[in-house]
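I opened the file to make a few notes on strands, a pocket and some single residues. The entries follow in the order I looked things up.

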Amino acid sequence: MPPPRQGPASRERIDAAYWWRRRMNLIRSGWLVRHLDNDGRGSRMEIYPVDQSHVDSKYSRPLNDRSITVRYIWPDLVDAWAAKNEAMVGEIWDDVITDLDSDYAAYAYVSSVGIGA
């Protein structure tokens, strides 16, 4: 008897479960924190500003992508991310962007963040 065919919805659930388990294994093993901490040297974080294409030109301002090396936050950030603790992630983000000096408020909300890991 041939195995039952799996539809696209079933494959999507299997794929989502795989990636969720993989993420949890990386967190539980401590590998992700060690990798991001990089022996105390930290990892480079790329910050992409909010898309302002729909903002009236008199209210928008030019914002560039920023890059900053982040150290010492990784254990707390990974724990907060794993626990889906948005408040703690927000607090940590505020700590990270204070290092941007005068651009602090411009990057309080961003479209995305990349980690150069």
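Which residue in E3 does glutamate 46 stand opposite? I looked this up in what is a predicted model, and the residue in E3 opposite glutamate 46 is glycine 114.

**Entry: glutamate 46**

I placed glutamate 46 in strand E1. I noted a relative accessibility of 34% for glutamate 46, so I put the residue down as partly exposed, since buried would need under 20% and exposed over 50%. Leaving out residues up to four places away in sequence, I listed its contacts as Arg66, Ser67, Ser112, Val113 and Gly114. I also took the C-alpha separation between glutamate 46 and isoleucine 115, which is 6.1 Å for two residues 69 apart along the chain.

**Entry: strand E1 and the sheet**

I then went along E1 to see which way the side chains point. They alternate. On one face I found Ser43, Met45, Ile47 and Pro49, which are buried. Arg44, Glu46 and Tyr48 point to the other face and are not buried.

I wrote down the sheet as open, with three strands in the order E2-E1-E3 and antiparallel pairing. Strand E2 (66-70) and E3 are the edge strands, each pairing on one side only. For the turn between neighbouring strands of this sheet I have 25 degrees on average, direction ignored.

How many bridges join E1 to E3? I counted six, and the two strands run antiparallel. Methionine 45 of this stretch stands opposite isoleucine 115 in E3. On the E2 side, E1 pairs over five bridges, again in the antiparallel sense. There I noted valine 70 in E2 as the bridge partner of serine 43.

I checked what lies over the sheet. H4 lies across E1, E2 and E3, and its direction is at about 95 degrees to E1.

**Entry: the largest pocket**

I looked up the largest pocket next and noted a volume of about 490 Å³. Its lining has 22 residues, and those nearest the centre are Met45, Leu77, Val89, Trp93 and Val113. I sorted the lining by class and got 17 nonpolar, three polar and two charged residues.

Which elements each supply at least two residues of the lining? I have H2, helix H3 (74-82), helix H4 (86-97) and strand E3 (110-116). Two of the residues nearest the centre, Met45 and Val89, come up elsewhere in these notes. Met45 is one of the buried residues on E1.

**Entry: valine 89**

I found valine 89 in helix H4. Is valine 89 buried or partly exposed? Its relative accessible area is 29%, so I entered valine 89 as partly exposed. Not counting residues up to four places away in sequence, valine 89 touches Leu77, Ala80 and Trp81. I also noted valine 78, which is eleven residues from valine 89 in sequence and 8.9 Å from it in space, C-alpha to C-alpha.

**Entry: two positive phi values**

I looked for the backbone at aspartate 39 and lysine 84. Phi of aspartate 39 is near 55 degrees, a positive value in a residue other than glycine. Phi of lysine 84 is likewise positive and near 55 degrees, and lysine 84 is not glycine either.

Where does aspartate 39 lie? I found aspartate 39 in the loop between helix H2 (31-37) and strand E1 (43-49). Its relative accessibility is 68%, so I counted aspartate 39 as exposed. The C-alpha atoms of aspartate 39 and arginine 71 are separated by 9.7 Å, with their positions 32 residues apart along the chain.

I placed lysine 84 in the loop between H3 and H4. Lysine 84 counts as exposed because its relative accessibility is 65%, and the cut-off for exposed is over 50%.

Key. Residues numbered from 1 in each chain as written. Predicted model: local features only at pLDDT ≥ 70, side-chain atom pairs only at ≥ 80, totals over all residues. Heavy atoms only, no water. Helix = DSSP H or I, 4+ residues; strand = E, 2+ residues; numbered from the N terminus. Buried < 20%, exposed > 50% of the residue type's maximum accessible area, 1.4 Å probe, protein only. 1 Å grid on protein atoms, 1.4 Å probe; cavity = no way out; pocket = protein on both sides within 12 Å on 5 of 7 lines; lining within 4 Å. Points joined across faces, edges and corners; volume = space filled by probe spheres on them. Nonpolar A, V, L, I, M, F, W, Y, C, P; charged D, E, K, R; others polar. Pairing = 2+ DSSP bridges. Axes fitted to C-alpha atoms, helices over the stretch in contact; angles between N-to-C directions. Contact = heavy atoms within 4.5 Å.
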